[in-house]
Amino acid sequence: MPEKDVPPDFEKALAVGRPPNVAKLFPNSKALLVSGKAIDRAMTAKGGAMTIAANCRGHMILRGVLRAAQKADAAVILEIARSEGGASAYCPVSLWNLARQADAVMNELGITVPVAIHADHYGIKAPRDLEAARVEIPSLFDAGVTSIAIDASHLPDADNLAANIELAPFVPTWAGYETEVGEIKGKSGLSTPAEAVFLIAGLNAHGIHPDWIALNNGTTHGIEESSSGIQVGLTAEIHAALAKYGISGAQHGTSGNSSERLREIAAKTATTKANVATALQMISWGIQVNDYGNAILDAAGDLVKVPGQGVTEELWAEMKAYADAHGIKGGNYKKLNIVFENKILGQAAEVRERMAKAVEDFVYGLLTRVFNAAGTGSVARALLAGAETYDLGPKAERIEDPAEWTPEKYRKRAETLSSDKGAQGNFDD
């Protein structure tokens with residue numbers, strides 16, 4: 001990048017804003033990989049703004065998102081969920097290579113906006129998962145992750161709190177921290193203010209101050225099939241109940257929700273992080289989508305490929321044949337990512353470019369016209385340069401009495417909460 005195009009505070013932010021794991025991994029890098037805290041603070045500072053937490057299931061998605069972020073001067077988050085890029089991955093971009101891919105592309109393209117690397121939905125579904133997590137979570141930060149979502153929402157409320165308390169010491173204090181109440185599963189088992197306050201107050205009593213809370217507020221993962229979508233009023237009510245704890249919202253499952261509803265989320269709630277996954281995958285492949293990124297299915301329930309967009313027609317035919325042979329439909333096309341990534345990367349340059357450009361255009365529109373995130377790249381960079389540290393600290397102090405939140409007392413308190421967790425099933429992202 002020509003020196004005249006480098007923002008005046010970039011070198012200062014680069015020197016002080018990269019956390020120790022990033023500086024160790026990439027000692028000679030010019031990529032401003034930062035804590036998720038910096039991204040959250042930038043949205044809060046602008047006000048009424050949230051940014052994309054882009055689910056990078058494939059490399060071309062990652063490229064497109066970074067190009068859009070630079071163009072919009074928006075601080076962004078790149079992420080992959082444990083179910084997608086963990087030990088049993090169905091995506092080639094993993095929890096252990098996402099930072100490396102991001103660093104390489106940011107240096108290649110001269111990206112100067114701050115970017116966080118987020119391990120999404122680090123799921124804890126049973127007490128036995130905790131032992132493995134104590135080993136695996138540090139390995140994620142060794143690989144350049146700068147933010148994590150500890151998702152024990154599958155468990156009863158008391159166990160959810162207990163899991164977060166147990167695993168928080170394995171998350172660096174400088175890192176972005178997301179917690180979740182209510183499994184993301186659509187209109188059933190919606191989160192309540194009481195559940196959310198229980199979780200965040202209990203964590204506060206133990207000196208744990210998450211940056212974000214994710215809710216089951218009426219949306220789903222994958223292709224949105226309900227017209228109800230995100231419940232803005234419920235989200236605002238829960239955020240208001242949590243205001244004294246200084247926590248922001250993380251909105252999951254935005255694909256398929258209208259731009260109007262997403263603008264409401266940014267304007268009327270404390271949400272600063274909006275996960276987008278399925279839409280980016282479909283757009284990169286050249287699948288027909290509606291105005292807000294939801295895939296359009298034909299009469300047989302199949303995805304519709306737009307000629308001349310995304311992957312080549314020959315590769316799409318091969319992908320569809322594989323899906324048909326393995327009984328894969330609709331949203332489960334996500335399982336094709338790891339199977340076909342190398343063939344996608346082996347396409348002609350002009351095909352790869354149109355894939356990345358389609359993602360870039362879509363994400364740029366979200367950042368500038370829907371999420372109100374334009375300019376937050378400069379805000380986040382200034383925050384880091386001004387603080388002269390990568391560690392922006394917690395947004396709240398301990399206000400709860402630890403003596404009132406012992407395991408015995410919080411388990412008793414949890415018995416008063418609603419036990420409606422909604423429909424049973426696998427709701428992994």
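The exercises below, each with a worked solution, concern a predicted model of a protein.

**Exercise 1. Confidence of the model**

State the mean pLDDT of the protein, and identify which elements have the lowest and the highest mean pLDDT.

Solution. Begin with the whole protein: its mean pLDDT is 92, and 92% of its residues reach 70 or more. Then turn to the elements. Helix 11 (residues 259-268) has the lowest mean pLDDT among them, at 93, while strand 1 (residues 33-34) has the highest, at 99. Finally, consider the stretches with pLDDT below 50. One of these covers residues 221-226 and has 24 contacts in the model beyond near neighbours in sequence. Another covers residues 425-429, with 22 contacts counted in that way.

**Exercise 2. An aromatic pair and its setting**

Classify the aromatic pair formed by Phe141 and Trp174, and explain which parts of the chain the pair ties together.

Solution. The protein has six aromatic pairs. In the pair of Phe141 and Trp174, the ring centres are 6.1 Å apart and the planes meet at 90°. Since an angle over 60 degrees counts as edge-to-face, the pair is edge-to-face.

Next, locate the two residues. Phe141 belongs to helix 7 (residues 129-142), and Trp174 to the loop between helix 8 (157-167) and strand 6 (176-181). These parts are 33 residues apart in sequence, so the pair ties them together.

For the accessibility of each partner, the cut-off for buried is under 20% relative accessible area. Phe141 has 5% and is therefore buried; Trp174 has 10% and is likewise buried. As a last step, extend the picture: ring pairs link Phe141, Trp174 and Tyr390 into a cluster.

**Exercise 3. Charges over rings**

Determine which rings lie beneath the charged ends of Arg82 and Arg413.

Solution. For Arg82, the charged end sits over the ring of Tyr122, at 4.1 Å from its centre. For Arg413, the ring is that of Trp405, and the distance from the ring centre is 4.1 Å.

**Exercise 4. Two buried residues, Ser147 and Lys37**

Decide whether Ser147 and Lys37 are buried or exposed, and list what each touches.

Solution. Ser147 is part of strand 5 (residues 147-151). Its relative accessibility is 1%, so Ser147 is buried. Beyond its neighbours within four places in sequence, the contacts of Ser147 are Gly36, Ile117, His118, Ala119, Phe141, Gly176, Tyr177 and Trp212.

Lys37 is part of helix 3 (residues 36-46). With a relative accessibility of 3%, Lys37 is buried. Residues up to four places away in sequence being set aside, Lys37 touches Thr173, Trp174, Ala175, Gly176, Asp211, Leu392 and Gly393. A further distance relates Lys37 to Ala380: their C-alpha atoms are separated by 9.6 Å, although the residues are 343 apart along the chain.

**Exercise 5. The polar contacts of His121**

Find which side chains are joined to that of His121 by polar contacts, and state whether His121 is buried or exposed.

Solution. His121 is located in strand 4 (residues 115-123). Its relative accessible area is 8%, so His121 is buried. The side chain of His121 makes a polar contact of 3.4 Å with that of Glu180, and one of 2.7 Å with that of His252.

**Exercise 6. Helices 6 and 9**

Check the spans of helix 6 and helix 9 against expectation, and describe how their buried residues are covered.

Solution. Start with helix 6 (residues 98-109). At 1.5 Å a residue, its 12 residues should span 16 Å, and the end C-alpha atoms are 16 Å apart, which agrees. Its buried residues are Leu98, Ala99, Gln101, Ala102, Asp103, Val105 and Met106. Their cover includes strand 1, helix 4 (59-72), strand 3 (76-81) and strand 4. After helix 6 comes Gly110, with a positive phi near 70°.

Proceed to helix 9 (residues 193-205). Its 13 residues should span 18 Å at 1.5 Å a residue, and this agrees with the 18 Å between its end C-alpha atoms. Because 10 of the 13 residues are buried, helix 9 is largely enclosed by the rest of the structure. Among the buried residues are Glu195, Phe198 and Asn204. The buried residues of helix 9 pack against helix 8, strand 6, strand 7 (212-215), helix 10 (232-241) and helix 17 (407-414). Gly207 follows helix 9 and has a positive phi, near 75°.

Technical notes. Residues numbered from 1 in each chain as written. Predicted model: local features only at pLDDT ≥ 70, side-chain atom pairs only at ≥ 80, totals over all residues. Heavy atoms only, no water. pLDDT = per-residue confidence, 0-100. Helix = DSSP H or I, 4+ residues; strand = E, 2+ residues; numbered from the N terminus. Contact = heavy atoms within 4.5 Å. Phe/Tyr/Trp six-rings, centres within 6.5 Å; stacked < 30°, edge-to-face > 60°. Buried < 20%, exposed > 50% of the residue type's maximum accessible area, 1.4 Å probe, protein only. Lys NZ or Arg CZ within 6 Å of the ring centre and 35° of its normal. Expected span 1.5 Å × (residues − 1). Polar contact = N/O pair within 3.5 Å; in protein donor to acceptor, adjacent residues only side chain to side chain.
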